[in-house]
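Visitor: I would like a close look at one part of this protein. Please take me through it step by step.

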Amino acid sequence: MPVCDICCEELPSEAEMRTHLLLSHMENVVACPFCSLSGVSYDEMKFHINTAHIEEDCQDTNATVVDSGQKSSNDWIAQSPNSTLTSNVNAKNMDTVSQASPQSQSTGTSLSQGTSTSLKSSPPAAATANGAVKLVRTTQKSSNNPSKEREDGRRKTKQKRLSSPIKEGCFACPMCSLVCKDCFILQEHVELHLQDQSAGAGPEVGTLTEVSSTSSGRSGVMRYECPMCSLSFSSSSSLQEHVELHLEYGSASVTRHSSEDLTLARKLQEEEEQKWREAATRQEAEDFKKLQKQFGLDNSGGYRKQMERNMERAVSRGHMVPAEFHRKKAEMLESLASGVDDGRSKTSGLMGALYRYYRDASGCAHVWLCAETDHYSSSEGDKGWGCGYRNFQMLLSSLHRMEQYKLLPVSVPSIPRVQALVEEAWGQGADPQGASHFNHRLQGTRAWIGATEIYAVLTSLSVKARIVDFHKPTGPGDTHPRLFEWVKQYFSHSASRGARLPPKIVQTTLPPIYLQHQGHSRSIVGVEQKVNGNLCLLLFDPGYAPREMRKVLSQDTATMVQRVRKFPGSLKHRQYQVVAVEGLLTPEEKQSRILNSRTLCAEKIP
């Protein structure tokens, strides 16, 4: 007949057993019949009973010693791995109980009692590994020793704490199926097993049966076999010390493995950081090369090489015949040798055309124009990087027409010659920081130049110049109204001297203003004030081709003026710099400015 593992109730069939388990134990709260543990699942309760309440008097896998003290009635369970035989035996008529199973009979297990003991049917207990019958007591012992009861209570509490099957870990108990996460908890658990065996061999045992050790074969000697190796000991204390050595070695092994894992983790982290640093270095080098290429510092050749490559490309595409290629190449080499611009990209007479246009135009209150200035467009040799040089040529073309600047070179220099002039200014000590940025070399490169290089070369030519930095927007929408007001003040200041009311159109004797912003530069040749007071600048851009600029000289002047005119909404870069010419320098002033240019600081507005 099936027997319930929890409450020991006998049931007639397996179907009724399943119904009993469902109604009595699974739907209701599962409680331990030996202690106060409850609120766990059926499997956890079964594991708890088989580990925490296993028979305390069982000393070895081949023999079990039963106490016969002041107990009036005890319930015992005997089970073989292959068959189960349940008997109700009166101790008065029978002193020895043996199992009917052949395997259990072969173990030679005997049960002796000094007093009356009754055996009842009970749940099957787990069989030992060698086939011996393991006896499990299902009732609590009564004792008149209070200290013994307290010790048993503490031990059972400790067992209940250590016997939860849901604990995950890596240390398995060698004496049961418990698995612990910490080796110290496992050590306490093994001590409980040893204490149970020691308590079973104590004064409570009424009759001690002689047990033969399976390893030594000697009768009459109790041997304790180490669950982790093949050694056996005569006392539980010696076995306990031996098992502790096993556990300490296991803990040391875990510590060693942890140290090795930490070393491996650090090594992997160092390799990852090294790879990241190498990738960052490669990316930085690539970005630096891109910047060098963008600013013409990649040693890919200067004006001459770019001009030759573009002409060769035109020949290969059929846009230029070989004869024309050789003719233009010879003219370019002649111009480079003389240091004078060939004038192919120059457009003259623009300021007079603008004066005539505004004289007849309506809608403007005042217009101030700079002195006569030629427009220089970018050519095939400097397209993409020569705007700074072309604006410098525009400035020089205006200065050449003024009497006070007659000491300047008569002709407008070519771009390679302008590069040589900047290097000469660096050689005199002007702008050492800018020189170091270009590695003191401009000739043969496509390097961009800006306001500081223009200031340095003007200073070296004894021309008094001024750098003004409009370093942040001063109007709504990132506009620069202060820049427009400053330009108006620059052109109108000299024109309004002695005049009560300025005329509508004024062509001053001032040179154009060099205007620089990020990535490009232009020349300011005038400023226009509308009837409503709004200002707009008139700009010459080197990006405009000569044929476009010649429209100003034709009847289509209004169309080109629309492109030259720039309102505040069209100039919305973060920062602008201007270079304005204000006269000549004496030798003392020139030397002073060159010395001060070592810490060159532009005038900031605002």
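Visitor: Let us look at helix α8 and the salt bridges. To begin, is arginine 359 buried, partly exposed or exposed?

Guide: Arginine 359 is partly exposed, with a relative accessible area of 48%. Keep in mind that this model is predicted. The side chain of arginine 359 meets that of aspartate 360 in a salt bridge, 3.8 Å from N to O. Aspartate 360 is exposed, and its relative accessible area is 63%.

That pair is part of a wider set. The whole structure holds 17 salt bridges. Another one links arginine 390 to aspartate 341, with the closest N and O atoms 3.3 Å apart. Where do these two sit? Arginine 390 belongs to helix α10, residues 387–399. Aspartate 341 is in the loop between α8 (322–338) and β7 (346–347). The two are 49 residues apart in sequence, so their salt bridge ties together separate parts of the chain. Both arginine 390 and aspartate 341 are buried.

Glutamate 380 and lysine 383 form a salt bridge too, and their closest N and O atoms lie 3.7 Å apart. Glutamate 380 is partly exposed, at a relative accessible area of 39%. Some salt bridges share partners: Arg327, Glu331, Asp342 and Arg344 are joined this way into one network.

Now turn to α8 itself. Check its length first. The helix has 17 residues, and at 1.5 Å a residue it should span 24 Å. Its end C-alpha atoms are 25 Å apart, which agrees.

Next, look at its sides. Phe325, Met332 and Ser335 of α8 are buried. View the helix down its axis: the buried residues fall within an arc of 95°, so they line one face. A general rule helps here. An α-helix has 3.6 residues a turn, so residues three or four places apart point the same way.

What does the buried face meet? The buried residues of α8 pack against α7, residues 303–316. The other side of α8 has exposed residues: Ala323, His326, Glu334 and Ala337.

Finally, follow the chain past the helix. Just after α8 comes glycine 339, with a positive phi of about 80°. Further along is the loop residue you have already met, aspartate 341, the salt-bridge partner of arginine 390.

Note on methods:
Residues are numbered from 1 along each chain as its sequence is written. This is a predicted model: local features need pLDDT of at least 70, side-chain atom pairs count only at pLDDT 80 or more; totals for chains, interfaces and linings use all residues. Side-chain values use heavy atoms; hydrogens and water are left out. A salt bridge is a side-chain nitrogen of Lys or Arg within 4 Å of a carboxyl oxygen of Asp or Glu. Helices (H or I, at least four residues) and strands (E, at least two) are DSSP runs, numbered from the N terminus. Buried means under 20% relative accessible area, exposed over 50%, partly exposed in between (1.4 Å probe, protein chains only). The expected span of a helix is 1.5 Å times one less than its number of residues. The arc is that of the directions from the helix axis to the C-beta atoms. Contact means heavy atoms within 4.5 Å.
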